[in-house]
Amino acid sequence: MISIHIMPSWDPVSFEPTAQWTVFAGRSAALFALLTGVGLAFSTGGQSPHTGRAMTADRVGVVVRALLIAGLGLVINEVIPGDSLAEVPAVNILVYYGVIFLLAVPFLSLSARALFTWAGFFALAGPVLMYLLRDVLPAVERYNPALTDLVGNPGATTAQLVLTGTFPALPYLAYLLAGVAIGRLDLADVGIQTTLLSLGVILAVTAWFAYWVLILQAGGYDQLLAHTPALDEELIDDIINFGPDPALPTTTRWWLAIAGPYTNTPLALLLGLGSAIAVLGLFLLLARGAGNWLLPLSAMGSMTLTVYSAHLLGLSAQLHYDQPMWFLIHMGVALVFALIWHKVFGQGPLERVVAGIVRIVRRLVLGRHRQA
């Protein structure tokens with residue numbers, strides 16, 4: 001995600017997408033959401049989901065966590081400048097995350113099989129609802145909704161967070177629920193790890209192949225041109241390669257068959273989901289024999305909320321434009337800080353605050369149950 005925010009997205013000579021953009025755009029956010037779901041599974045019982053009052057406490061804790069993360073995101077968005085995509089240094093995912101957490105609460109007690117089913121449902125139904133409702137729902141002016149937007153224009157901001165924004169909660173629920181389902185499995189088992197890697201690759205390749213057939217072979221591209229006269233081939237290619245600005249057109253249902261980053265179509269979601277599952281399986285396998293070598297990554301991974309928030313605040317200074325060296329600066333600072341903090345304190349600073357508040361709330365809920 002840091003490379004997407006700082007490194008160039010296109011080659012200045014050919015204007016083609018750069019390698020890092022092609023690999024990470026959209027997929028990094030998908031992996032972020034999937035791993036969040038895995039973490040939710042761990043905190044709600046792992047392979048044996050909590051039941052009764054323990055699950056009630058878990059659900060209340062997730063609601064509190066969602067409000068804290070969304071609140072942090074809203075505050076950060078007051079600092080991030082720019083209303084147009086060209087001016088915004090990064091689209092902040094944290095507020096969307098808070099909404100996704102809230103939507104996930106009713107699903108936490110389900111089995112892995114049911115969670116995978118619901119993930120598939122939201123991967124298909126979410127984009128269709130976006131397509132059907134985008135022209136009806138109120139529009140917003142900011143890419144990063146701030147607290148002032150939520151208070152001053154709650155309807156449009158809610159629509160943005162749930163359906164029309166860059167990381168819409170309803171479609172992205174597919175990633176989170178798939179992550180919860182995976183977290184219910186025995187992830188220490190090499191067979192599970194291998195299956196995640198292989199099935200993830202199969203899902204990603206199948207989604208890309210479906211896009212290739214529908215758009216590039218079966219006349220879908222011509223339909224996009226014919227039904228979207230405001231766009232020529234170059235602009236359509238830009239949407240497919242770089243994502244919509246600001247929203248995917250609704251002139252024809254063929255737009256739902258593309259698989260570009262941040263388009264949030266069914267094939268884009270399945271491509272991101274397959275890629276994320278494959279990466280998770282791969283690193284679980286690597287960690288079996290090279291866990292110590294992965295410490296720099298796992299240290300940063302243990303405090304993603306802290307690192308991501310600090311990264312966004314660093315971007316708000318807008319020193320990184322046309323300066324790819326800032327990628328190394330952001331990564332280097334994050335790496336050194338995470339390694340030192342992890343060794344001395346363990347859990348990251350923001351993570352400690354959120355976890356501490358959630359722990360207090362859970363104890364209050366469990367105590368109330370005991371009294372009853």
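**Close-up views of a predicted model**

**View 1. The exposed face of helix H16.** Leu328, Val333, Ile340, Lys343 and Val344 are exposed, and they sit on the face of H16 turned away from its buried side. The model shown is predicted. H16 covers residues 325-344, which is 20 residues in total. From first to last C-alpha the helix reaches 29 Å, close to the 28 Å expected at 1.5 Å a residue. Gly346 follows H16 and has a positive phi, near 85°.

**View 2. The buried face of helix H16.** The buried residues drawn in H16 are His330, Ala334 and Ala338. Viewed down the helix axis, the buried residues of H16 fall within an arc of 50°, so they line one face. An α-helix has 3.6 residues a turn, so residues three or four places apart point the same way. Three helices take up the packing against the buried residues of H16: H1 (2-6), H14 (295-301) and H15 (304-315).

**View 3. Phe15, with a positive phi in a loop.** The loop between H1 and helix H2 (19-24) contains Phe15. Phi of Phe15 is near 60°, a positive value in a residue other than glycine. Phe15 has 54% relative accessibility and therefore counts as exposed, the cut-off being over 50%.

**View 4. The loop between H12 and H13.** Helix H12 (233-242) and helix H13 (266-290) are joined by a loop in which Pro246 lies. The peptide bond leading from Asp245 into Pro246 is cis, and its omega is near 5°. Asn264 also belongs to the loop between H12 and H13. Although Asn264 is not a glycine, its phi is positive, about 55°. Asn264 is buried, because its relative accessible area of 6% is under the 20% cut-off.

**View 5. The cavity lined in part by Asn264.** The structure holds 1 cavity of 30 Å³ or more. The largest cavity contains about 40 Å³ of space. Its lining is formed by Pro127, Met130, Tyr131, Arg134, Leu248, Leu256, Thr263, Asn264 and Thr265. Sorted by class, the lining residues of the largest cavity are 5 nonpolar, 3 polar and 1 charged. Rolling a probe the size of a water molecule over the atoms shows where empty space is left.

**View 6. Thr166 and its contacts.** Thr166 is placed in the loop between helix H8 (154-164) and helix H9 (169-183). With a relative accessible area of 16%, Thr166 is buried. Neighbours within four places in sequence are left aside here; beyond them, Thr166 is in contact with Val91, Tyr96, Tyr143, Tyr172, Tyr262 and Asn264. Asn264, one of these contacts, is among the residues lining the largest cavity.

**View 7. Pro266 and its contacts.** Pro266 is located in helix H13. Its relative accessibility is 12%, so Pro266 counts as buried. Apart from neighbours within four places in sequence, the contacts of Pro266 are Ala123, Leu124, Pro127 and Leu256. The C-alpha atoms of Pro266 and Leu256 are 6.8 Å apart, while 10 residues separate the two along the chain. Pro127 and Leu256, both in contact with Pro266, also appear in the lining of the largest cavity.

Note on methods. Residues are numbered from 1 along each chain as its sequence is written. This is a predicted model: local features need pLDDT of at least 70, side-chain atom pairs count only at pLDDT 80 or more; totals for chains, interfaces and linings use all residues. Side-chain values use heavy atoms; hydrogens and water are left out. Helices (H or I, at least four residues) and strands (E, at least two) are DSSP runs, numbered from the N terminus. The expected span of a helix is 1.5 Å times one less than its number of residues. Buried means under 20% relative accessible area, exposed over 50%, partly exposed in between (1.4 Å probe, protein chains only). The arc is that of the directions from the helix axis to the C-beta atoms. Contact means heavy atoms within 4.5 Å. On a 1 Å grid over the protein atoms alone, a cavity is a set of points where a 1.4 Å probe fits but cannot get out, and a pocket is an open set with protein on both sides within 12 Å along at least five of seven lines; lining residues have an atom within 4 Å of a point. Grid points are joined across faces, edges and corners, and a volume is the space filled by probe spheres set on the points. Ala, Val, Leu, Ile, Met, Phe, Trp, Tyr, Cys and Pro count as nonpolar, Asp, Glu, Lys and Arg as charged, and the others, Gly among them, as polar.
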